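Open the structure in your viewer and keep the selection tool at hand. The stops below go one element at a time.

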Amino acid sequence: MRGELVVETLVSVWQEMYRQSPSKVVIDEPHHSRRLTAEDLFVRSELSARRLAALGCGAGDRVSIDVAEPIDFLIAHLGVLRLGAISVPVPKGSSDGEIRDLARNCSPKVVLSDHSLSASWSEDGVMVVNLDTDVRPDDEVSIDDADADSVALMLYTSGTTGKPKGVPLSHRNLLATARSVLAAWEWSREDSLLLALPLHHMHGLGIGIHGTLCAGATAVAFERFDVDAIIKEVRNQRVTMFFGVPTMYAKLLGHEGFEAFANLRLMVSGSAPLSAESFRRITEVTGQEPLERYGMSETGMITSNPYRGRRIPGSVGKALPGVAIRLSGGDEGEVLVRGEAVFGGYWRQEQATREAFTSDQWFRTGDLGTLDQDGYLMINGRAKELIIKGGQNVFPREIEGCLEEMAGIVEAAVIGEPDEYWGERIVAVLVAASAPPDQETVRQFVAERLSRVKVPDEVRYIEELPRNRMGKIQRELLRG
Ligand code: AMP
């Protein structure tokens, strides 16, 4: 109605979408034969919100969610949102130390966990609560009254220093991204999304889960990408869409059951570049072209190849509805973005925030690209040093810091090199004091301290690291 103030949040939109169909399945976990209807989700997320309130959480507080199973994750996430608090999903596979670092950065009131973290953890003054803990809910607290500009979610991404930065996203930001892909991909309540992506990320959560909720649709969710289980599910003909990272497609291409994907109406690829060769092979096997899109935590989805129309291999497509893009140098240069989905600034990092925007408020992605005359964007490489292995971000500086703690290692530089399967593999270039430790010893050292994805695939030794006059390592000279 004209003039009436409509406060839309992810919570209000989600509830509206399933109001007429409370028995509709929102999320299905075939690997556990569990499913959750809209009504179950409503009741259980409210209980989760009221329990968090009983633990002392309120609007604006951060709640870290370290929960693997998609149904449990979704209940916890929506519980946090309904309380008006900020959901901080813990990256999958994080070690206790990494979770502690994240908590130091965002100081959550509570860490909701589905497994026991070490005792030293709770000494930091953060409450670690197991999902099964029986807390008496607070029946008095008012819920569902966040507004569109309340921060709902904080994702973690890299910085040039290699330290992960918190990316706070409001309901308005998150709705803008979900709605842009809903419109572009003709996502409707009839759809059922096959989802096996990690849920701590924009891809799995920001579009996979939030898109499902905003469409009033269903997600068939797996805790991990198991190629046999995925193909079996597609053969069942219940699902209509699949979202994956290029590494998943590489795995599927090596499996003879992949042709079952011909049953789907849409296969989306993102988070890392999909090679033109993979595009061609996927099309050959399934009879349909994958749809590549491009986005990031800070901006939500930026571009997409069209659902109807020409999909160009090697291109990430055109700007999504509600998103404006331009390149710093006209038709080439750094990709700059503006729109409702773009965040307002990093969590408690004013300088990084200032540097992230141009003087006229365009967000600087750090990605380099070119635009063709029809508005299709090509990403030519990252200006940053971030390594993306299997769709997961790996920050070289973090691994370097770890390696430099190893006895006998003087200096370390970590680089990503192209890899057909992983997208990028991790190479550690080391300077040793005397007898260099062998590759397995180095890998073991990292594996004991960081999550598996960060363990170098290869170790090389060098006399001295090449540096420029400013003392910065010249990584380009290290590539083999
Ligand atoms: P994140 O913030 O973790 O989502 O990572 C965002 C980064 O992933 C972007 O800045 C790009 O460098 C990269 N990225 C995402 N999608 C694509 C794509 N389709 N092609 C190339 N790079 C991509």
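Start by selecting helix 9, residues 246-253, which lies across strand 11 and strand 12 (266-269). The direction of helix 9 makes about 115 degrees with that of strand 11. Keep in mind throughout that this is a predicted model.

**The sheet of 9 strands**

Next, colour the sheet to which these strands belong. It is an open sheet of 9 strands with mixed pairing, in the order 2-1-10-9-11-12-13-14-15. Which strands are at the edges? They are strand 2 (34-37) and strand 15 (318-319), and each of them pairs on one side only.

Now select helix 7, residues 202-215. Helix 7 lies across several strands of the sheet, among them strand 1 (25-29), strand 9 (192-195) and strand 10 (218-221). Helix 7 runs at about 160 degrees to strand 9.

Move along to strand 13 (residues 291-296) and strand 14 (residues 300-304). The two pair in the antiparallel sense over 4 bridges. To see one pair of partners, pick Tyr294 and then Thr303 in strand 14, which is its bridge partner.

**The ligand**

Stay with strand 13 and show the ligand. Strand 13 gives 5 residues to the shell around the ligand, the largest share. The shell has 16 residues, of which Glu292, Arg293, Ser297, Asp367 and Asn393 come nearest. By type, the shell holds 6 nonpolar, 6 polar and 4 charged residues.

Three short distances can be displayed here:

- Glu292: one of its polar side-chain atoms is 2.9 Å from a nitrogen atom of the ligand.
- Arg293: a polar backbone atom lies 2.8 Å from a nitrogen atom of the ligand.
- Ser297: an N or O atom of its side chain lies 2.8 Å from an oxygen atom of the ligand.

How much of the ligand's accessible area does the protein cover? On its own the ligand has 490 Å² of accessible area, and the protein covers 96% of it.

**The sheet of 3 strands**

For the last stop, select strands 22, 23 and 24, which form an open sheet in the order 22-23-24, with mixed pairing. Strand 22 (409-419) and strand 24 (458-461) each have a single partner strand, so one side of each is left without a neighbour in the sheet. From one strand to the next, the twist averages 25 degrees.

Strand 22 and strand 23 (residues 423-432) run antiparallel and are joined by 10 bridges. Pick Ala412 to find one of these links: its bridge partner in strand 23 is Leu430. Finish on helix 12 (residues 396-403), which packs on this sheet and touches strand 22 and strand 23. The direction of helix 12 makes about 145 degrees with that of strand 22.

Conventions:
Residues numbered from 1 in each chain as written. Predicted model: local features only at pLDDT ≥ 70, side-chain atom pairs only at ≥ 80, totals over all residues. Heavy atoms only, no water. Near = heavy atom within 4 Å. Polar contact = N/O pair within 3.5 Å; in protein donor to acceptor, adjacent residues only side chain to side chain. Areas by Shrake-Rupley, 256 points an atom, 1.4 Å probe, with all protein chains shown as cover. Nonpolar A, V, L, I, M, F, W, Y, C, P; charged D, E, K, R; others polar. Pairing = 2+ DSSP bridges. Contact = heavy atoms within 4.5 Å. Axes fitted to C-alpha atoms, helices over the stretch in contact; angles between N-to-C directions.
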